[in-house]
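Biologist: I am new to this structure and would like a close look at a single part of it, namely the core and whatever packs around it. Please explain each term as you come to it.

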Amino acid sequence: MAKHPFQLEAVWNGGRNSDGHIEAGNLKSSISIPKEMGGPGVGTNPDEMLLGAAATCYVITLAAMLERADIGVESLTLHSDAVVDVTNNIFTYESITHKPVITLKAESTPLQVEKARRLAHKAEESCMISRALAGNVKLATEETVRVV
């Protein structure tokens, strides 16, 4: 069994409506509460970072699964949406929906197209970030598979 440690350093410059900075390996960013939630909107925020972690994990997992299945991918793009509910000043990360567009090579068979559709959903179940969020955040996949 291999364990992979990760570390993050953060500096925060004041109260709730201030800003800060984080560094973790190649991740270096200013941070604050988004303007939409009453903050200064400097840099990124936890909501974007959680969406980024979920989307990054999902697309890498999907790419690896398609490769292992020997499905010829011309391109793979992803749009992901998140919804955060704020009721009575309680912030709840409600949902993440991944919308991958998998473009397969012209010689792809109907079976490969169907397998790519199945893998789009299986990747959600297999991604470690999705597994960490399971039961707390509603996760969904709305795939598009096409052949060029």
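Modeller: What follows is a walk from the general outline to the core, and then outward to a few individual residues.

The model is predicted, and accordingly local features need a pLDDT of at least 70 and side-chain atom pairs count only at pLDDT 80 or more, while totals for chains, interfaces and linings use all residues. Residues are numbered from 1 along each chain as its sequence is written, and side-chain values use heavy atoms, with hydrogens and water left out.

The protein has three helices and seven strands, where helices (H or I, at least four residues) and strands (E, at least two) are DSSP runs numbered from the N terminus. Read from the N terminus, these elements follow the order β-β-β-α-β-β-α-α-β-β. The C-alpha atoms fill a box of roughly 60 × 35 × 30 Å along the principal axes. Of the 148 residues, 30% count as buried; buried means under 20% relative accessible area, exposed means over 50%, and partly exposed lies in between, with a 1.4 Å probe and protein chains only. Of the contacts with a separation of 6 or more, 50% are made by residues 24 or more positions apart, a contact being heavy atoms within 4.5 Å.

Now to the core itself. A nonpolar core is a set of buried Ala, Val, Leu, Ile, Met, Phe, Trp, Tyr and Cys residues joined through side-chain atoms within 4.5 Å. The largest one here has 13 residues, and Leu62, Leu66, Ile102 and Leu104 are those with the most contacts inside it. Helix H1 (46-68), strand E5 (90-104) and helix H2 (110-126) each supply at least two residues of this core, and H2 gives the most, with five residues. Leu62 offers a view of these surroundings: leaving aside its neighbours within four places in sequence, Leu62 is in contact with Leu76, Pro100, Ile102, Leu119, Ala120 and Ala123. Apart from this core lies another, of six residues, among them Leu51, Tyr93, Ile96 and Leu133.

How do the two helices H1 and H2 cross? Their axes come within 9 Å and cross at roughly 135 degrees, where axes are lines fitted to C-alpha atoms, for helices over the stretch in contact, and angles run from 0 to 180 degrees between N-to-C directions. That angle makes H1 oblique to H2, because angles under 35 degrees count as roughly parallel, over 145 as roughly antiparallel, 65 to 115 as roughly perpendicular and the rest as oblique. The crossing of H1 and H2 is right-handed, which is said when the near helix is turned clockwise from the far one by less than a right angle, and left-handed when anticlockwise. On the H1 side, Tyr58, Thr61, Leu62, Met65 and Leu66 take part, and they meet Ala116, Leu119, Ala120, Lys122, Ala123, Glu124 and Ser126 in H2. By class, this contact has eight nonpolar, two polar and two charged residues; Ala, Val, Leu, Ile, Met, Phe, Trp, Tyr, Cys and Pro count as nonpolar, Asp, Glu, Lys and Arg as charged, and the others, Gly among them, as polar.

Moving along the chain from H1, Asp70 is placed in the loop between H1 and E4. Phi of Asp70 is near 60 degrees, a positive value in a residue other than glycine, and Asp70 is exposed, with a relative accessible area of 62%. Ser75 then lies in strand E4 (residues 73-87) and counts as partly exposed at 31% relative accessibility. Its C-alpha atom is separated by 5.1 Å from that of Thr103, 28 residues apart along the chain, and beyond its neighbours within four places in sequence Ser75 is in contact with Val101, Ile102 and Thr103. Between E4 and E5 there is a loop that holds Asn89, which is not a glycine and yet has a positive phi of about 60 degrees; at 64% relative accessibility, Asn89 counts as exposed.

Finally, for the strands before H1, Ser29 has its place in strand E3 (residues 27-31) and counts as buried at 15% relative accessibility. Leaving aside neighbours within four places in sequence, Ser29 is in contact with Gly20, His21, Ile22 and Thr44. Ala10, in strand E1, counts as exposed at 54% relative accessibility, and with those neighbours again left aside, Ala10 is in contact with His21 and Ile22.
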